[in-house]
Every structure is written in structure tokens, then in C-alpha cells.
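Biologist: Got a minute to walk me through this one? I'd like to start with the charged pairs and wander from there.

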Amino acid sequence: MKKKWGRGVFTAFILIVILTHVDQGYANTLIVGSDKAYPPYEYLDEKGVPVGFNIDIIKAVANIMGLSIEIRPGTWNVIRSQIEAGKIDLVSGMFRSRERDKKVDFSTPHLTVSHGVFVRHDSSILGLEDIWNKQVIVQKNDIGHDFIVESGLTDKIITTDQWTDTVALLARGSGDCAILSRLQAMVYTFTHHIDNLKVVGPPIKPRAYCFAVTQGNTQLLAQLNEGLSLIMSNGQYDMIYNLWFNKWEKKSIVREYLVRGLFIILGILIIFGILVSWSWSLKRTVRLATEDLRLERDASFGIIQKSPTLIAGIGPNGRILSMNPSGEVITGICAGEIIGTDWKKLLFPGKENNRLACLWDEVFQGKGDLVGSIMPIVSKDGSPRLISCTTFTKRGPEGFPVEVILFGDNITEQKQAEEALSESERKLKTLINNLPGMAYRGMHDRERTMSFVSEGCLVLTGVARSELVFCYKQSFYDLIHPQDREGVRGAMEAAIKAKSPFQFEYRICTATGEVKWVWEQGVGIFSQDDGSVSIEGFITDISDRKMAEEGQKKLEEQLRQSHKMEAVGTLAGGIAHDFNNILGAIIGYGQILTLFGSGENSRYEKRVNQMLKAAFRGRDLVQQILAFSRKSDGKQQHVLLRPLIKETINFLRASLPRTLSIEESIASGNIAVYADPSQMHQVLMNLCTNAAHAMDGLGYSDGVMAVTMKVILFDGHCETDPLNQEGFEPVQGQAEFDLLPGEYVKICVKDTGHGIDPDVQKRIFDPFFTTKPPGQGTGMGLSVVHGIVKDHGGQIVVESQSGQGSIFSVYLPVYQGDVGIEATMGRDLPTGLGNILFVDDEPDLVEIAVVILEKLGYSVTGVCDSARALEIFKQRPTRFDMVITDNTMPKMTGIELARKIKDIRSNIPVVLVTGIIHGGAKEQAMAVGINDFVVKPLDAGTLAKIAGEYLKKE
């Protein structure tokens with residue numbers, strides 16, 4: 001009573017002092033929130049005054065740091081909301097967690113408290129792992145509540161306002177289990193005679209118990225941490241701790257009450273006679289004290305017996321003195337079998353034995369206790385168990401150890417789970433680092449800040465992980481190709497907004513300057529707390545696939561071009577057939593006038609000859625069109641280059657702009673090459689057209705194209721003009737020049753255009769390469785020229801500088817044979833004898849052929865119908881000495897007609913006249929025995945030649 005009276009007086013004194021100074025110090029007074037019902041940490045005593053371990057600790061810190069505090073008790077939910085809202089300055093006790101760290105700041109811990117899973121005796125729950133999807137009772141906003149939410153073990157949560165309500169609800173049958181402070185709840189169930197509850201499984205990970213201050217109040221936090229350090233160093237903290245928690249560790253209350261009883265008995269004996277009247281009262285006091293001792297002993301015994309923790313007493317000699325039932329469960333050994341044995345028999349064989357033995361020797365010597373030490377023990381069945389053990393040494397009056405109390409929790413499954421998790425993480429890390437790409441986790445910010453990237457980062461980007469993580473030296477956003485950045489950002493923003501996975505392709509520029517195509521797939525991870533977004537995904541190199549796709553597109557374009565050219569060729573073949581018939585009529589009637597006309601027409605002969613010359617040029621042009629469209633098989637022959645070049649230049653003048661002038665320097669004489677005339681024409685046309693394009697529309701309004709031709713001698717290194725032996729010069733591009741020594745025709749096409757860049761010159765002869773805008777070039781012109789020149793044993797060389805024009809030089813071997821000039825316009829045509837069947841579906845051509853052949857001495861039967869011609873031949877097969885037939889005719893082609901005629905008379909010569917000669921026609925004609933082919937349009941010289949070859953001459 002005196003203690004209580006003295007405490008009351010002291011409290012009243014303190015209150016008077018506070019009240020007398022409230023006006024002066026209120027502005028500097030710190031408001032401290034405390035839970036009014038959380039014994040023994042903080043609660044209201046019977047007078048409504050805040051007491052408890054936390055209260056004494058904050059008062060001691062405030063006193064030593066000179067802080068003025070006001071303690072305002074309340075329910076925990078209210079206190080937590082007030083500190084998070086900044087309505088109070090600090091909380092005297094709050095468990096620290098990752099979730100709470102976001103809203104308040106915590107001091108260094110002033111206590112560590114373990115929580116546990118409490119169930120009813122009939123429950124099947126044996127530990128934390130069994131509460132998956134079970135109904136769990138917790139105090140609202142308590143650390144147990146936070147733990148269940150963070151762990152995600154269940155969403156079936158029942159909340160209460162006070163932790164005592166949590167115990168009561170569970171005891172009454174509500175819910176499946178509850179999360180509570182182990183020591184607090186165990187004492188409460190015992191003192192309130194709640195005997196249907198028990199704690200199961202190992203303790204939940206201990207939590208740090210700290211002061212909590214409003215977020216950002218670093219000055220107050222520093223003062224509290226300093227105050228804690230000071231009271232721990234001066235012994236105040238130990239005194240407060242012992243006051244509230246160590247009454248079980250000090251001398252037993254039994255001894256205290258026994259001593260008190262002895263003094264009472266001794267007093268009774270001394271003053272027995274004087275205080276007889278007090279006898280009954282003293283007996284009652286002893287009885288009450290004994291009952292208190294029994295209750296206290298039963299409480300301690302009950303806690304030890306019900307604790308899931310192994311609790312064993314070990315004597316200074318290392319012999320086990322006692323062990324609770326949980327120890328029997330953990331070891332699998334009955335207490336009767338193990339009591340009296342050496343504690344070292346529990347150790348599992350291994351290298352750890354020596355270290356643990358040394359540590360325990362120090363404990364038995366009183367040098368210190370073990371805290372959280374891992375001790376491997378052997379169970380009865382021989383299997384290893386891992387125990388997290390803590391010791392408490394009981395000392396005798398002289399201070400020497402008399403007993404070591406061992407507290408041990410079975411963490412075998414926990415360690416196995418940790419090892420399994422570590423192995424799983426190792427496998428995942430190995431898998432991720434061996435993927436052909438880069439796995440990542442990053443922030444949803446403008447810089448694509450990466451918080452994690454896998455080892456494939458270096459191979460993919462050329463940037464090391466350490467340089468890319470948190471943009472230490474390189475932002476991933478800056479690695480994205482400038483042309484793709486905004487597109488990637490927009491696509492990702494849309495996916496994040498829709499909360500859907502994303503995947504897209506884009507280019508990156510690596511640290512080495514290489515451009516790569518990559519494919520990225522990922523998903524946004526949304527935080528339930530503040531709505532923040534992080535991104536997880538994978539990026540891999542798809543450059544090879546992109547190149548393959550580009551190649552596929554190019555092949556498709558080539559195929560389309562091939563189909564286009566095939567269509568052009570088909571069209572050209574059809575046009576050529578009809579055009580040849582027209583030219584044949586013009587040439588035929590013209591030659592009849594000039595070759596077989598009377599003197600009356602002599603005054604028109606010159607004009608008719610000009611008409612024939614134009615018709616022959618048209619015939620050659622048709623052959624060039626057919627050669628270009630691959631509708632004819634060109635034959636190499638001696639070709640005079642001077643007239644061919646002249647004709648090409650004259651043809652170009654009509655199609656080129658008038659502002660562009662053409663200069664020519666063509667060597668005289670019969671300079672010839674052995675080539676296909678149409679292909680030579682194509683080479684000149686392509687080179688001149690390219691030169692014109694190089695000067696078109698780029699400011700070269702007075703551009704000049706120069707075409708030259710001369711003969712040179714090449715000795716393997718230099719070229720020499722035969723007319724000027726001293727004027728030798730090295731061949732340009734000699735490193736790639738592979739001509740054999742000899743005499744060559746050199747044709748040069750020079751322009752004053754914009755020139756060609758060196759990089760472009762390397763690819764200028766590649767198929768489908770062009771510098772022209774889309775739709776204005778196929779990239780085949782120079783490639784075709786290069787192929788034709790190489791096929792004719794020649795070489796093409798380009799000389800160019802940017803802004804100074806270009807020179808394309810073509811070298812072709814000089815034809816060394818006899819160069820004759822065919823006189824297509826002369827009057828001296830060979831004559832002959834014989835009967836000829838001439839067949840063509842064009843009446844004009846039949847009439848012309850009949851007139852010309854009859855003028856040359858032959859008998860001719862002209863027919864415009866192939867079926868009619870066959871009937872005539874069948875009537876008198878021996879009448880005819882030769883058959884000349886067109887190929888393309890209705891009802892029956894020339895090849896079919898020839899086959900049927902050969903079936904009747906196999907030895908008769910048959911000449912096939914056609915506008916198109918291709919491989920298929922030749923094979924069919926050879927199969928039926930046709931003797932020769934003649935290309936339209938026919939002229940008098942051709943008719944005389946083929947008739948004279950197979951019939952008798954006059």
C-alpha cells in the first residue's frame with residue numbers, strides 16, 4: 001500500500017508540475033500515442049494512467065534528451081491513423097514492416113517480439129503453412145493483420161478493434177485461427193482461464209518493435225535514436241526491461257513468499273503471547289500467499305508445457321535436467337530417456353560439433369548466453385533437425401551458473417524451404433542468363449530505367465549490366481533507334497493503359513554502333529498500394545529473321561519483276577508478229593518497185609530506197625525488242641560498231657531533252673566485234689540513258705553527253721592507241737581488270753552529271769540496286785550491261801568523282817575475221833528453178849513472195865490458208881520442190897503443216913518463217929524435220945537466199 005501511495009503522490013506531483021507549465025511548454029510538447037489495451041507493453045492501469053514497458057522507455061528517452069511529451073492513450077486503429085495523418089508526433093510502440101515504412105519513419109528497435117498462430121485444441125492446423133485459405137482473426141491494422149495481407153496466405157480475414165477481442169472470438173469458436181503476440185497471448189489465456197486455445201508451429205519471424213514518428217521528421221528520429229542509445233548504455237533500459245519481463249528470471253516468487261512466511265512465523269513465535277489475536281489473520285495471509293505461489297507456479301508450468309518451443313534445463317556439468325513435451329516432439333525422444341544424459345549426445349555428427357562445444361563451454365562458464373544460434377541435433381530415428389537456440393543462464397547467490405535454460409525452435413522445414421528457394425532462384429538465374437536475349441525488370445518512366453537485367457544484356461546491347469541498371473552510365477531508352485523511340489513509347493503506354501501484355505519489334509543502336517532489330521515482350525506490374533507500375537519482360541535479337549524477311553521481300557519483288565517482264569515479252573511478241581507483217585509488206589512492195597520495176601519508176605527509186613532503209617531499221621528495232629524481252633535467241637555474228645553507234649545516237653536524239661547536247665567521236669573504218677547486234681544495241685542504249693538521267697533535273701540544263709569509240713592495245717597493264725604508240729596510260733581500276741592482252745574496241749559514254757559516290761560505285765553493277773526514287777528504276781540496267789559485256793569476253797569500268805560527272809568505258813575484243821557488208825539494197829539477186837509452195841495467212845505477204853520468187857525464175861503457188869495448202873499438197877505431192885510456210889496461222893500452225901507434209905513426203909525441204917524464235921519452237925520444228933528457220937519480215941534477198949539454197953540455180 002505504501003508503494004502504491006507513494007506512486008500516487010509522485011504521479012500527482014508530476015501532473016501538478018505539467019499543469020503549472022502547460023501554458024509555457026505546450027507549443028513544444030510532443031504528442032505521444034499509445035495503445036490503451038496492449039499489456040505488458042502499454043495499457044491503462046486501474047486508475048486510467050498509461051503504464052507499461054513502452055511508456056517507461058519513452059519517458060526515459062524524453063527525460064534524458066530533455067523532451068516534453070504528452071501521452072494520449074487510445075485504440076490502436078485511431079493511433080495508427082493519427083500518426084499516418086500527422087495529427088500526433090510519435091507512437092511509443094509500433095512493429096516495423098515494409099508496408100508501414102511507406103507511411104511513417106521508424107527508430108532503431110527497442111524490442112523484438114515474436115508472433116504465433118493460435119488455434120483451438122480440436123483444430124487440424126499445425127503451423128503457418130496450414131492456414132492457406134482459412135479464416136484468420138487479427139486485430140485491425142495490427143502487425144498480424146499486415147503480415148496476413150502481405151503474405152497472401154488467405155483473403156478470409158476477420159478483424160477486431162482490440163487484441164483481447166481476437167482471443168475471445170477464437171475461444172468462442174469463430175474463425176479457424178488467430179495471429180497474436182506469443183508471450184502476451186499465452187499469459188492472457190492462462191490468467192483468464194481460457195483453456196481451449198494453444199499456439200502451434202514455430203514462431204512467426206520476429207518483428208522489430210520501435211518508436212514511430214511522422215514521415216520526414218528526421219530531427220525527432222535522431223533524438224529518439226540517441227536517447228535509446230544513452231539509456232541502453234547507462235543501464236536504464238535493463239532496469240525497465242527487468243521490471244516488465246524478467247520477473248520469471250529473477251528469484252522465484254515462491255522463495256520471496258517463503259521468506260516472508262518465515263518472518264511472519266518467527267514473529268508469531270516471538271510475540272505469540274502478545275499477538276494471539278492476530279493469529280487467525282496471519283494464517284489467512286499465509287494461505288493466500290501460498291495460493292498465489294501455486295497459481296504462479298502453475299502459470300509458469302503451463303506456459304512451459306504448452307509452449308511449442310523446446311525448453312530444457314541443463315546443469316553446469318552438461319547433464320540434461322528437464323525437457324518439456326515440445327522437446328520430445330522435436331527430438332522424438334521421451335524426456336525419461338534423455339534426462340540425465342550429456343547434452344552433446346543431441347548433436348548431429350559433423351564439423352559444427354567443435355565450434356558449438358566451445359560456445360557451450362563459454363555458456364557454462366558464465367561468459368554469455370547464446371542468441372539465435374543454429375544447432376544441428378539428431379532425432380531418435382537418426383534424421384537431422386536444425387534448432388534455432390537461445391539460452392538463459394540462472395545463477396546462484398555467488399553469481400555462478402547453476403542451470404542453463406535452452407529455448408529451441410525447430411527450423412528444419414524453414415531451412416529446407418530456404419534452401420529450396422535458393423536452389424529455385426539459382427536455377428531461374430541460370431535459365432535467364434542463358435536465354436538468347438535480355439530479361440529485365442524496369443520502371444515505367446521516360447528513361448526506361450532498369451532495376452534488373454540478365455547477363456544477355458552485354459551481348460544484345462554491348463552495354464554491361466552494371467552500366468545499364470538504374471541508368472548508371474547508359475539509359476535503355478537512348479539505345480532505341482531515334483526513328484523508333486516514340487513509336488515504342490506510344491505502344492507501351494497504350495498497353496499499360498489497357499493493362500494488357502505487349503509485344504513489338506523495333507531497332508536498337510548498340511554501344512559498338514551496330515543497328516539490331518529486336519523483339520520485346522512484357523507486361524506491366526501494378527502495385528495495389530499506390531498504383532505505381534513496373535515492367536517485366538524479355539528482349540531478343542531478331543536481326544537474322546529481319547534480314548531473311550527482307551531477302552524474301554526482295555525475292556518477291558524479283559518475282560513480280562520477272563512476271564512483269566514476262567508480260568512485257570508476251571506483249572512484245574504479239575506486237576512484233578503483227579508489226580513484222582506490216583514491215584514485210586512495206587519491204588516487199590518497196591523491193592518490187594526498186595528491183596523489178598520499169599524505168600518509169602526510176603525517178604522514185606531514191607525515195608523508195610529511203611523508205612526501205614527505214615523499214616529495215618524498224619525490222620532491226622523489232623529484233624532488239626524481242627531480244628530484250630527474251631522472245632528470240634540472238635545469234636552472235638560480226639557487228640560493225642560505227643553504224644550501230646550512229647543509229648543508237650540518232651534514235652536517242654529524238655527522246656532526250658533539247659537542252660542536253662550529244663558529242664560523238666567515232667573512229668572510222670570497218671571496226672567490228674563478234675556479238676549479238678541487239679545486245680550491243682541494248683548496252684549502248686542503257687549507258688546513254690543512264691548518262692542522260694544523271695544530268696536530268698539537277699541543274700545541268702547545259703549538260704553534255706560524249707560518246708567515243710576507238711581501238712586500243714592492252715598489254716596486261718596499260719592501254720595504247722595504235723595510232724599514237726607513245727600515248728599509253730594505265731587502265732583505271734587495274735586491280736579488278738582481268739582482260740587478256742590484245743586488241744580491243746573501247747567505247748566510252750561520258751556525262752557532266754552529279755557523279756557517283758565511292759560507296760555507290762561498289763554496288764553499281766549489283767542486280768536491283770538503284771539510287772533512283774521508287775517507281776523510277778528497277779536497278780537492272782547496269783547489271784544487264786555488265787552481264788552482256790562479260791558474256792562477250794569484255795570488261796566495263798566506271799570512273800567518277802562526286803560533282804564531276806562519270807565515264808563508263810566498255811572494252812570488247814576486236815573481231816579479227818573477214819568483215820563483209822551485206823547488200824540488202826542491190827539488184828543482183830541469185831535466180832533459180834523449181835516449184836515452191838508458199839503459205840502465209842497474210843494475203844499481201846503471199847502476193848509479194850509470189851511476185852519476187854517468180855521474178856527470180858521460180859514457179860510459186862501462194863496459199864493464204866494452211867488447211868487449203870495441205871489439201872493442195874496432198875493432191876500432187878511430187879509437184880512441189882520446196883515449202884515455205886509461216887508458223888503462226890489460224891486452224892493449223894506452220895509446224896503442224898510441216899509435220900503432215902513430211903508424213904506424206906519426208907525428203908521435201910521445208911523452211912519455217914516466224915516472227916519469234918524461241919527454244920520451244922526450235923525443239924518442235926526439229927522434231928518434225930523442218931530444214932531451216934527464217935525470221936520475219938522477209939525481203940527479196942532473204943527469199944532469194946533460202947530458195948537458192950534448196951533449189952537448182954539457173
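**Charges, strands and rings**

Modeller: Sure. Arginine 441 makes a salt bridge with glutamate 536, and their closest N and O atoms are 1.8 Å apart. Keep in mind that this is a predicted model.

Biologist: Where in the chain do arginine 441 and glutamate 536 sit?

Modeller: Arginine 441 is in strand S18 (residues 438-443) and glutamate 536 is in strand S22, so the pair links distant parts of the chain, 95 residues apart.

Biologist: And are they buried or exposed?

Modeller: In between. Arginine 441 has a relative accessible area of 30%, so it counts as partly exposed. Glutamate 536 is also partly exposed, at 33% relative accessibility.

Biologist: OK, stay with glutamate 536. Which residue is its bridge partner?

Modeller: Valine 523 is the bridge partner of glutamate 536 in S22. That belongs to the pairing of S21 with strand S22 (residues 533-541), where 9 bridges join the two and the strands run antiparallel.

Biologist: What does S21 pair with on the S20 side, and how many bridges are there?

Modeller: Strand S20 (residues 502-509) is joined to strand S21 (residues 515-526) by 8 bridges, again in an antiparallel arrangement. Cysteine 509 is the residue standing opposite valine 515 in S21.

Biologist: How many residues lie between S20 and S21?

Modeller: There are 5 residues between them, and the two strands form a hairpin. Look at glycine 513 in the turn: its phi is positive, about 90°.

Biologist: Anything else going on along S20?

Modeller: A salt bridge, for one. Glutamate 505 pairs with lysine 546, with the closest N and O atoms 3.2 Å apart. Lysine 546 belongs to helix H21 (residues 543-596) and glutamate 505 to strand S20, so this contact also links distant parts of the chain, 41 residues apart.

Biologist: Which end of that one is buried, and which is partly exposed?

Modeller: Lysine 546 is the buried end, with a relative accessible area of 16%. Glutamate 505 comes out partly exposed, at 32%.

Biologist: How many salt bridges are there in total?

Modeller: The count comes to 21. Another to look at is aspartate 146 with arginine 80, where the closest N and O atoms are 3.4 Å apart. It connects helix H6 (residues 143-151), which holds aspartate 146, to helix H4 (residues 76-85), which holds arginine 80, and the two residues are 66 apart.

Biologist: Why do aspartate 146 and arginine 80 count as buried?

Modeller: Because buried means under 20% relative accessible area, and aspartate 146 has 9%, while arginine 80 has 7%.

Biologist: Which residues share that network with them?

Modeller: Salt bridges with shared partners put Arg80, Glu84, Arg100 and Asp146 into one network.

Biologist: Switching topic: how many aromatic pairs are there?

Modeller: There are 13 aromatic pairs. Take tyrosine 41 and tyrosine 209: their ring centres are 5.5 Å apart and their planes are at 80°, so the pair is edge-to-face. Tyrosine 41 lies in the loop between strand S2 (37-38) and strand S3 (42-44), and tyrosine 209 is in strand S12 (residues 197-214), so the pair ties together parts 168 residues apart in sequence.

Biologist: Are those two tyrosines buried or exposed?

Modeller: Both tyrosine 41 and tyrosine 209 are buried. Ring pairs also link Tyr38, Tyr41, Phe95, Trp163, Tyr188 and Tyr209 into a cluster.

Biologist: What about phenylalanine 504 and tyrosine 506?

Modeller: Their ring centres are 5.9 Å apart with planes at 45°, so that pair is tilted. Phenylalanine 504 is buried at 12% relative accessibility, and tyrosine 506 is buried at 1%.

Biologist: Which charged ends sit over a ring?

Modeller: Arginine 485 has its charged end over the ring of tyrosine 477, 5.8 Å from the centre. The charged end of lysine 499 sits over the ring of phenylalanine 526, 5.0 Å from its centre.

Biologist: Last one, helix H27. What span does it reach?

Modeller: Helix H27 (residues 843-855) has 13 residues and reaches 18 Å from its first C-alpha to its last, close to the 18 Å expected. Its buried residues are Leu845, Val846, Ile848, Ala849, Val850, Ile852 and Leu853. Glycine 857 follows H27, with a positive phi near 105°.

Methods:
Residues numbered from 1 in each chain as written. Predicted model: local features only at pLDDT ≥ 70, side-chain atom pairs only at ≥ 80, totals over all residues. Heavy atoms only, no water. Pairing = 2+ DSSP bridges. Helix = DSSP H or I, 4+ residues; strand = E, 2+ residues; numbered from the N terminus. Salt bridge = Lys/Arg side-chain N within 4 Å of Asp/Glu carboxyl O. Buried < 20%, exposed > 50% of the residue type's maximum accessible area, 1.4 Å probe, protein only. Expected span 1.5 Å × (residues − 1). Phe/Tyr/Trp six-rings, centres within 6.5 Å; stacked < 30°, edge-to-face > 60°. Lys NZ or Arg CZ within 6 Å of the ring centre and 35° of its normal.
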